[in-house]
Amino acid sequence: MPHRAPGSPRRGPRQYLTGQPITYYRPTGAPAIRQLIDRGFQAFNAGRLSEACKIFSEKMLDPKNDTMIGLTVAGAMTPAGLGGCINEMMEHGLIDFLISTGANLYHDLHYALNFTLHRGSPFLDDRLLYENGVIRIYDVLFPATVLLETDAYIRDFLIRSGMNGPVSTSEFHYRLGKDLMERQPGCEAHSVVARAAKLGVPIYTSSPGDSSIGMNVAWHELMNESSLMIDPNLDVNEVCAIIMAGTKNGCVILGGGSPKNFYLQGQPTLWEVYGIPKGGNEFFIQITTDQVVWGGLSGATPSEAVSWGKVNPGVLPDTVVAYCDSTIAFPLFCEYALGSPHGTRPRKELYAKRLQLVADLKRRGRAAHVTRQKKKAPKTGRTERDR
């Protein structure tokens, strides 16, 4: 890709940050969007997105199904302003827990801290951006000072939080969200991390070291000799416990990557490791640009997931992959869901319940272990032939 679109003028350093601020878009359930999707999205990937909207709104949100719904987020969604869609879905009880890349949560903090990200162009000379202290995420631009000041906030938070020892990412993000609301009153309107803490929605990160948040946690350990440790074992067990607690289970996957697998591995963990057969997800919706032909997890279909026990083999009609850019499809998806007859559900507030759910998982796991050991034990009684 060229540095500039053919024929476009060169930009001076002072012009890089003149684009409109990127804000968190707030879907409202617009009837016009529902009409467009119902009547206009009829075939190809428009048809698949329409199918995804209907599976979510008519089946996953149906109270009689009592579906435990997880949202997984990969790709630069919060820098593009999609955090507002996530916030509205959480507010209306349409998302019970969230699994995200650490980068999305880190960039979400910029909005909580009242920094500005700007609309820009993907056809800029990155050498000049570097020289002028401008960061680019495709066509999103912001000054490098935003990174430095966000990092400084995280480091101060780590010190004043007093957290030590192993913690789950759900606890870490909850504490972070509470701190944001205390120091930036009202920021929950502009931040996924803060809004989730306010609503009791647990947020997990499948690879916490792979983000600027994790980088600052590493600094805290090295420079302050902190014993704070993000423990992935706690995350695995909490997510498995949440999945086990669902009457039915369903997911909405944006992109793919590690968050997708971290959610889907919960079902195999239950039957393969703990000996608790849950049966697989009853609903599966993915919005992605990844293709199945490359063999990666991001492009793996719900049909392939059946062989792993991740998706219930009897419910493939209630699974769909829409091959589309999430920044286009997800706002439409959210508008449709919020305007549906089941567009508001009671919030489960799982953060406060997660430890009890893990205790239930431990109890059932131990019972399953005893049962398996009994099946493996050799028989000691003599037969008639032995006499």
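Reader: Which strand and which helix each supply at least two residues of the lining of the largest pocket?
Author: In this predicted model, the largest pocket has a volume of about 560 Å³, and its lining comprises 26 residues. Among the elements that each give at least two residues to that lining are strand E10 (283-288) and helix H14 (326-338).

Reader: Which residues lie nearest the centre of the largest pocket, and how many residues of each class does its lining have?
Author: Of the 26 lining residues, those nearest the centre are Ala76, Met77, Ala80, Leu82 and Thr327. Sorted by class, the lining of the largest pocket holds 13 nonpolar, 9 polar and 4 charged residues.

Reader: How many disulfides does the structure hold, and why is Cys324 not in a bond with the closest cysteine sulfur?
Author: A disulfide here requires two cysteine sulfur atoms within 2.5 Å. Because the closest cysteine sulfur to that of Cys324 belongs to Cys53 and is 11 Å away, the pair is too far apart for a bond. The count of disulfides in the structure is 0, and Cys53 is likewise in none, the nearest cysteine sulfur being 8.9 Å away, in Cys334.

Reader: Is Cys53 buried or exposed?
Author: A residue counts as buried when its relative accessible area is under 20%. Cys53 has a relative accessibility of 1%, and therefore Cys53 is buried.

Reader: What span should helix H7 have, and what is the distance between its end C-alpha atoms?
Author: Helix H7 covers residues 169-183, and its buried residues include Phe172, His173, Leu176 and Leu180. At 1.5 Å a residue, its 15 residues should span 21 Å, which agrees with the distance between its end C-alpha atoms, 21 Å.

Note on methods. Residues are numbered from 1 along each chain as its sequence is written. This is a predicted model: local features need pLDDT of at least 70, side-chain atom pairs count only at pLDDT 80 or more; totals for chains, interfaces and linings use all residues. Side-chain values use heavy atoms; hydrogens and water are left out. Helices (H or I, at least four residues) and strands (E, at least two) are DSSP runs, numbered from the N terminus. The expected span of a helix is 1.5 Å times one less than its number of residues. Buried means under 20% relative accessible area, exposed over 50%, partly exposed in between (1.4 Å probe, protein chains only). On a 1 Å grid over the protein atoms alone, a cavity is a set of points where a 1.4 Å probe fits but cannot get out, and a pocket is an open set with protein on both sides within 12 Å along at least five of seven lines; lining residues have an atom within 4 Å of a point. Grid points are joined across faces, edges and corners, and a volume is the space filled by probe spheres set on the points. Ala, Val, Leu, Ile, Met, Phe, Trp, Tyr, Cys and Pro count as nonpolar, Asp, Glu, Lys and Arg as charged, and the others, Gly among them, as polar.
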